[in-house]
Amino acid sequence: MLKEDVRHMFDEAAGGSSSSLKQIDTIQMLGLNYHFDDEIKGSLDTIMSTKDKNDVCDQENDLYTRALRFRLLRQHGYEVSQDVFKNFKEEMMMRSGNLKEWTVRDVEGILSLYEASFYAFEGEEILDEAQKFTTTHLKVQLIKANSIISHNKQNLSKQVSHALELPLHWRVPRAEARWFIDTYKTMQDMDPSLLEFARLDFNMVQATYQEDLKYVSRWWRELGLSEALGFARDRLVENFLWAVGFNFEPRFRNFRRQLTKVNSLITTIYDIYDVYGSLDELKLFTDGVQRWMLLLFDVI
């Protein structure tokens, strides 16, 4: 039922790109996007199909919507130019007289542009400059001067601090979802159905990870390498979390299990070379591995 409620939200937001974009962003931050791949793609296709109209509107629209649209489209592989921010320099010059007042008033817009700037390709100078500008103003005027933020915007201050620690584009989605669930429940525009769905989904997916970890732990214990090679690092859980970070969706559980196995073996082999073996021993070991690989490929 909760899933259908969220789908209904897509229908309600279909008419306006701004509301659609904010909804998509919230769903992704809550870690629910894998349930709504078709709906998200449909919404972004609609927004992209009106590109010319949106480009005109972007120059007049608020900075938050302009930057959010850019970030989500790039994140999902759509071709969108940095030129939507080409007037950014001019806007800053026009506001130079009351720049401090503007940056305080449009914290959400600056934060949105900050996150969007990390989707820059090499050589995109407009986005590079936008990143420097937003980082400076978020640090100086928000983190070092908390009095600027009114009491009813403490959530925004928390989001800014979190973003400055590490931008969204660089974070592990599942860990970010856990953080955002706690943040979302205190927001004024929080949707109770969406929050409940996010909590239930997180717990259900977490149970899947626990089963995956039991499986690879049993495999690792039966393999016996940690006991036989006491010098090697025993980092099974770390390797498993790396696999979760690479792909968190429940349906890819076999991928996570096999990747954890491969990474654990690679870590062990690396320690054999780096810590334990002598040069002569490693030459023999390398020769044995190469022969094994040739035999393996012949069988395949």
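**A walk through an all-helical model**

Valine 84 lies in the loop that runs between helix H5 and helix H6 (88-94), and in this predicted model it offers a convenient place to begin. With a relative accessible area of 7%, valine 84 is buried, since buried here means under 20%. The chain brings valine 84 and alanine 67 to a C-alpha separation of 8.6 Å, although the two are 17 residues apart in sequence.

From this loop one can step back to the whole protein, whose secondary structure comes to 16 helices and zero strands. Of its 300 residues, 41% count as buried. Among the contacts with a separation of 6 or more, 68% are made by residues that stand 24 or more positions apart.

The interior can be followed through its nonpolar cores. In soluble globular proteins, nonpolar side chains tend to be buried together. Here the largest nonpolar core has 39 residues, and those with the most contacts inside it are Leu30, Leu32, Leu44, Phe85 and Leu194. Two or more residues of this core come from each of helix H1 (2-13), helix H2 (17-29), helix H3 (37-49), helix H5 (63-75), H8, helix H9 (125-143), H11 and H12. The element that gives the most is H5, with six residues. A second, separate core has 10 residues, including Ile110, Leu156, Val160 and Leu164.

Leucine 30, one of the residues with the most contacts inside the largest core, shows what such a position looks like from close by. Once its neighbours within four places in sequence are left aside, leucine 30 is in contact with Ala177, Phe180, Ile181, Tyr184, Leu194 and Ala198.

Two of these partners, Ile181 and Leu194, lead on to the pairing of helix H11 (residues 173-184) with helix H12 (residues 192-223), whose axes come within 11 Å and cross at roughly 150°. Because angles over 145 degrees count as roughly antiparallel, H11 and H12 are described as roughly antiparallel to each other, and H11 passes H12 in a left-handed crossing. On the H11 side the contact is made by Arg174, Arg178, Ile181 and Tyr184, which meet Leu194, Leu195, Ala198, Arg199, Asp201, Phe202, Val205 and Tyr209 in H12. The residues of this contact divide into eight nonpolar, no polar and four charged.

Is arginine 174, which is found in helix H11, buried or exposed? At 6% relative accessibility, arginine 174 counts as buried. Not counting residues up to four places away in sequence, arginine 174 touches Gly31, Asp201, Phe202, Val205, Tyr209 and Phe248.

A charged residue in another helix can be read in a similar way: aspartate 271 is found in helix H15 (residues 253-276), and at 4% relative accessibility aspartate 271 counts as buried. With residues up to four places away in sequence not counted, aspartate 271 touches Phe231, Ala232, Arg233 and Tyr276.

The last stop is helix H8 (residues 107-117), in which 10 of the 11 residues are buried, so that H8 is largely enclosed by the rest of the structure. The buried residues in H8 are Val107, Gly109, Ile110, Leu111, Ser112, Leu113, Tyr114, Glu115, Ala116 and Ser117. Of these, Ile110 has already appeared as one of the residues in the second core, while H8 is also among the elements that give two or more residues to the largest core.

Notes
Residues numbered from 1 in each chain as written. Predicted model: local features only at pLDDT ≥ 70, side-chain atom pairs only at ≥ 80, totals over all residues. Heavy atoms only, no water. Axes fitted to C-alpha atoms, helices over the stretch in contact; angles between N-to-C directions. Helix = DSSP H or I, 4+ residues; strand = E, 2+ residues; numbered from the N terminus. Parallel < 35°, antiparallel > 145°, perpendicular 65-115°, else oblique. Left-handed = near helix turned anticlockwise from the far one by under 90°. Contact = heavy atoms within 4.5 Å. Nonpolar A, V, L, I, M, F, W, Y, C, P; charged D, E, K, R; others polar. Buried < 20%, exposed > 50% of the residue type's maximum accessible area, 1.4 Å probe, protein only. Core = buried A, V, L, I, M, F, W, Y, C linked by side-chain atoms within 4.5 Å.
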